[in-house]
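I opened this entry to look up core packing, one helix pair and the cysteines.

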Amino acid sequence: MGEEVQDTEYSLAHRREYRRKVQQCLDVFETMLKESSFEFERPLTGMEIECNLVDSAYQPAMTNHEVLQAIADPAYQTELGAYNIEFNVPPRRLPGRAALELEADVRASLNAAEAKANGHDAHIVMVGILPTLMPEHLTGRWMSESVRYQALNDSIFTARGEDILIDIHGPERLSLQTESIAPESACTSMQLHLQVSPADFAHNWNAAQVLAGPQLALGANSPFFFGHQLWAETRIELFAQATDTRPDELKTQGVRPRVWFGERWITSIFDLFEENVRYFPSLLPEMSDEDPTHELAEGRTPKLAELRLHNGTIYRWNRPVYDVVGGRPHLRVENRVLPAGPTVVDMMANAAFYYGVLRTMAEDDRPIWTKMSFAAAQHNFVESAQNGMNARLYWPGLGEVTPDELVLRQLLPMADEGLQRWEVSADVRDRYLGVIEGRAKTGVNGSVWQIATVHALQEGGMSRPDALAEMLRLYCEHMHSNEPVHTWDGP
């Protein structure tokens with residue numbers, strides 16, 4: 001979805017041809033999985049961090065165009081909202097002390113970008129949902145300047161045929177109608193990529209689905225939206241509702257949503273791409289000039305542009321990725337579960353925990369997903385988004401457990417074992433898994449800290465809007481300290 005599109009309107013004939021082209025790409029992809037050589041001998045990891053821009057009063061700054069011009073680094077790109085930017089961290093390998101070098105590089109890059117942003121009265125904030133964002137900010141010129149985003153907005157509303165209802169139950173229920181996908185721009189995440197072989201993809205994806213619930217419970221950082229305290233990780237439900245192409249009648253019929261956890265364990269990456277083609281109509285039917293059948297027959301690697309674009313408009317929390325680099329194809333699991341922030345060290349710890357547990361789970365002789373239903377994994381995911389560190393999760397052999405018990409007893413040892421298999425140095429494992437252990441023992445993640453701080457400020461006499469702004473000011477101070485969130489003090 002990172003590539004620009006050319007059109008915002010498409011004829012019926014064009015849509016029919018696009019459907020044919022997507023099916024052709026799927027057929028070619030199936031052949032490639034059987035016959036082609038994929039790049040995976042030296043697997044790379046990657047990270048994307050979506051950020052928010054605020055002004056000196058910690059209110060949204062709709063200035064990403066000016067800020068990106070000042071940063072002048074291709075690693076930084078636009079996101080949906082004019083107050084969003086995305087930082088694409090160059091891929092690298094896991095072994096040794098590479099993660100410490102990555103942490104230093106990410107901090108240096110973000111600090112340099114922050115300095116450039118300051119020249120435009122803007123500050124960069126890494127947080128799942130910007131706490132000071134209010135409905136009035138998402139009127140007028142809220143959207144980034146891009147044909148792609150306008151086309152996506154128009155396609156969702158054409159498919160839906162009516163305004164979108166945002167209705168999220170929580171401690172302070174929020175219900176409103178929106179006539180654009182503007183609320184989606186509030187959801188800023190951290191995406192983790194892992195390059196895998198075709199033979200290993202299914203095990204890694206299944207493991208990522210099992211891990212999604214515990215990831216969220218540990219990493220929740222989005223408790224406020226439009227001034228309301230909602231879920232521990234409100235971003236999950238907000239994103240699902242803000243991009244829903246289904247009116248109520250289609251929901252009642254059981255039509256699948258485009259923001260999707262999935263519905264079954266898989267045996268091949270092909271299962272996921274086949275589901276995409278079978279279940280979901282196109283949103284952005286942009287066509288390339290490539291004939292993928294001809295490219296493959298000529299011994300070249302087809303880009304499968306239509307299949308990839310279609311995949312980019314189906315928002316799985318663990319998304320399959322096909323890409324071509326240097327003429328060779330590769331496959332990735334893209335983990336989209338986690339929010340951005342609170343600090344670089346917290347995000348590095350989340351990444352280390354994910355890559356470590358994933359490796360151990362995926363290589364288990366009797367994988368955990370053979371001992372639990374897919375519905376149980378989905379329940380853990382939703383339960384963790386709603387309740388964070390207070391969630392009750394199902395785990396084979398343990399029954400119902402709290403996230404801290406699950407992490408300390410089961411997942412941390414698995415993470416350490418997996419990182420050892422990745423040949424990650426002991427000091428790196430200690431640094432990042434120590435952060436996860438501290439978070440589990442204290443029960444404090446970004447969401448818990450935000451809620452406690454806002455409540456303390458309100459008890460001290462502040463209004464909710466002022467408390468949110470002051471909390472965000474304190475959050476930014478701590479964010480720049482790079483001390484993990486479970487060690488932060490209150491106001």
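My notes on these topics follow.

I am working from a predicted model, where local features need pLDDT of at least 70, side-chain atom pairs count only at pLDDT 80 or more, and totals for chains, interfaces and linings use all residues. Residues are numbered from 1 along each chain as its sequence is written, and side-chain values use heavy atoms, with hydrogens and water left out.

Core. I looked up the largest nonpolar core (buried Ala, Val, Leu, Ile, Met, Phe, Trp, Tyr and Cys residues joined through side-chain atoms within 4.5 Å; buried is under 20% relative accessible area with a 1.4 Å probe, protein chains only). It has 157 residues, and Ile49 and Leu411 have the most contacts inside it. Helix 11 (residues 344-362) gives the largest share, 13 residues; helices are DSSP runs of H or I, at least four residues, numbered from the N terminus. Beyond four places in sequence, Ile49 is in contact (heavy atoms within 4.5 Å) with residues including Phe87, Met126 and Met347.

Helix pair. I found helix 11 packed against helix 14 (residues 426-442) at about 100°, axes 8 Å apart. Helix 11 is therefore roughly perpendicular to helix 14, a label for angles of 65 to 115 degrees. Among the contact residues are Met348 and Phe353 of helix 11 and Tyr432 and Ile436 of helix 14.

Cysteines. I searched the whole structure for disulfides (cysteine sulfur atoms within 2.5 Å) and got 0. The cysteine sulfur closest to that of Cys51 is in Cys476, 11 Å away, too far for a bond. Cys51 is buried at 1% relative accessibility, and Cys476 is buried at 6%.

How values were computed
Buried means under 20% relative accessible area, exposed over 50%, partly exposed in between (1.4 Å probe, protein chains only). Helices (H or I, at least four residues) and strands (E, at least two) are DSSP runs, numbered from the N terminus. Axes are lines fitted to C-alpha atoms, for helices over the stretch in contact, and angles run from 0 to 180 degrees between N-to-C directions. Angles under 35 degrees count as roughly parallel, over 145 as roughly antiparallel, 65 to 115 as roughly perpendicular and the rest as oblique.
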